[in-house]
Amino acid sequence: MSRLMKAAPQTKDQAIQASVFDVARVREDFPILKQKVHGKPLVYFDNGATSQKPQVVIAALNHYYSAENSNIHRGVHLLSEQATAAYETARSKIRNFINARADREIIFVRGTTEGINLVAQSYGRSFLKAGDEIIVSAMEHHSNIVPWQMLCEQVGAKLRVVPINHDGEIVMDEYRRLLNEKTKFVSITHVSNALGTIVPVKEIVALAHERSVPVLLDGAQAVPHLKVDVQELGCDFYAFSGHKLFGPTGVGVLYGRAELLEKMPPYQGGGDMISLVTFEKTHYNVLPYKFEAGTPHIAGGIGLGAAIDYLSTLNWQEVAAHEHRLLSYATEALGAINGLRIIGTAKEKAGVLSFVFDHVHAHDVGTILDQEGVAVRAGHHCAMPVMQRFGVPATARASFAFYNTIEEIDVLVRALERVLKVFG
Ligand code: 7TS
């Protein structure tokens, strides 16, 4: 299932020779990559925070606002019909992209964060009670911790945390031990944003299901790198953000198994999520609209559909091999730098390289890299417990996308050498 495997060391020549993926051509599709920052060519290694948009996505947004802008699901006029059709077509593309069974299992949300909050509040408040336990892992993004803590405060449930080992992998024996008759929900990331670890989520789901415990997977960092098939994974919920998948900000997806979504109450009330309203009683709309109160991010949904169309034009095997080369080349090159320590050395990793220097703070690293045109993220990556686990305040993080190149990693390495010069 995973498209990226262990990072095997490669020389630069091996890495370039082995490349069949035409990265130069793909880069032409992303206008922003031609930018210079501080007079240097942009090297964009902050894809974990948000990825860049191909011209076709920008054009889809432009087309929507220039030619189709109208509210959906309500107009009798042509523009509204066109906008509705475009939005619902995007939903079908997403369904196909993650292999959900039906369009009604695809709920448009603002992003991963809202998807997780929706499940915590709608499913959690309805079906969890005092004494129940929710399992998360020690490598979650805050958006897969805090919504569950809020739920725990509301219903009196308890959060249990599966530890990770020193490579940044889930300790599966501990997970097995934590699963018990009190466990009522499991919510785990598919790929860690701070460490790059690919989590064995299929096994995690299967173990939970042995106890009939539903599982949500946070797919924010997985969908840009892995081929995700929600039926194969067997998960009950899967959340991801459009903006990390080369689509617009402000739109994302919550997949849910229809059987569960049917049982869950609405998350928010308002227009579009109802079929009949009287002051005595309101009848809710059918799926997925029951969970889509108010005017949604119509252009965003359409733009996300365009991103998925774009991705379907790429050869995924080539993309996977290229990303694997980037990660293995970067792991080797950065690993050779004096005093640099890579945080997150799992056997299976996707597109993320977090690192620290013994005597230079990650923010200083990020600032000097920026002067060299290299954009990385420096900080706790909204995963403070991961930083605590590794005993560091912050890391610098290079996160890759398929449009990155081996030459860009060389620029990063030279820039890191400058960091060492500046800070001795
Ligand atoms: N889950 C994971 C694993 C993430 O990496 C992120 C965002 C989120 C959830 C939240 O996504 P949102 O789109 O709803 O905000 N991660 C990052 C990051 O690593 N740097 O900036 C945002």
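How far does a polar side-chain atom of Q221 lie from an oxygen atom of the ligand? The distance is 2.7 Å. Keep Q221 in mind, since I will come back to that residue. One caution before we go on. This is a predicted model.

Let me stay with the ligand. It is surrounded by 16 residues. The closest are T113, D218, S241, R377 and R397. R377 also makes a polar contact: one of its polar side-chain atoms sits 2.5 Å from a nitrogen atom of the ligand. T112 contributes through its backbone. There, an N or O atom lies 3.4 Å from an oxygen atom of the ligand. How much of the ligand does the protein cover? On its own, the ligand has 490 Å² of accessible area, and the protein covers 87% of that.

Now the pockets. The largest has a volume of about 330 Å³. Its lining counts 21 residues. Nearest its centre are T113, H141, S241, H243 and K244. Two of those names, T113 and S241, were also among the closest residues to the ligand. Which helix gives the most to this lining? Helix α5, residues 112-127, with three residues. By class, the lining has three nonpolar, 12 polar and six charged residues.

Where does this pocket sit? Domain 1 is 12-51 + 315-423, and domain 2 is 58-312. Both give residues to the lining, so the largest pocket lies between them.

On to the second largest pocket. About 250 Å³ of space lies in it. It is lined by 17 residues. F108, V109, E114, A293 and P296 are the ones nearest its centre. Strand β4, residues 106-109, and helix α5 each give two or more residues to that lining. So much for position; next, chemistry. The lining of the second largest pocket has nine nonpolar, five polar and three charged residues.

Next, closed spaces. Rolling a probe the size of a water molecule over the atoms shows where empty space is left. How many cavities of 30 Å³ or more are there? The count comes to two. The largest cavity has a volume of about 60 Å³. Its lining takes in 13 residues. Nearest the centre are N47, G48, Q221, H225 and F400. So here is Q221 again, the residue with a polar side-chain atom 2.7 Å from a ligand oxygen. By class, the cavity lining has five nonpolar, seven polar and one charged residues. Both domain 1 and domain 2 give residues to the lining of the largest cavity, so this cavity lies between them.

Last, two backbone details. Which two residues does a cis peptide bond join? L287 and P288, with omega about 0 degrees. P288 is in the loop between β12, residues 282-284, and α11, residues 298-312. The other detail is H38. Its phi is near 50 degrees, a positive value in a residue other than glycine. H38 is in the loop between β1, residues 36-37, and β2, residues 40-41.

To recap, the ligand is 87% covered by area. The largest pocket lies between the two domains, and the largest cavity lies between them as well. Helix α5 gives residues to the lining of the largest pocket and to that of the second largest. That is the tour.

Definitions and conventions
Residues are numbered from 1 along each chain as its sequence is written. This is a predicted model: local features need pLDDT of at least 70, side-chain atom pairs count only at pLDDT 80 or more; totals for chains, interfaces and linings use all residues. Side-chain values use heavy atoms; hydrogens and water are left out. On a 1 Å grid over the protein atoms alone, a cavity is a set of points where a 1.4 Å probe fits but cannot get out, and a pocket is an open set with protein on both sides within 12 Å along at least five of seven lines; lining residues have an atom within 4 Å of a point. Grid points are joined across faces, edges and corners, and a volume is the space filled by probe spheres set on the points. Helices (H or I, at least four residues) and strands (E, at least two) are DSSP runs, numbered from the N terminus. Ala, Val, Leu, Ile, Met, Phe, Trp, Tyr, Cys and Pro count as nonpolar, Asp, Glu, Lys and Arg as charged, and the others, Gly among them, as polar. Domain bounds come from an automatic or database domain assignment. A residue is near a molecule or strand if one of its heavy atoms lies within 4 Å of it. A polar contact is a pair of N or O atoms within 3.5 Å; within protein, one must be able to donate a hydrogen and the other to accept it, and residues adjacent in sequence count only if both atoms are side-chain atoms. Accessible areas come from the Shrake-Rupley method with a 1.4 Å probe; for residues, only the protein chains shown count as cover.
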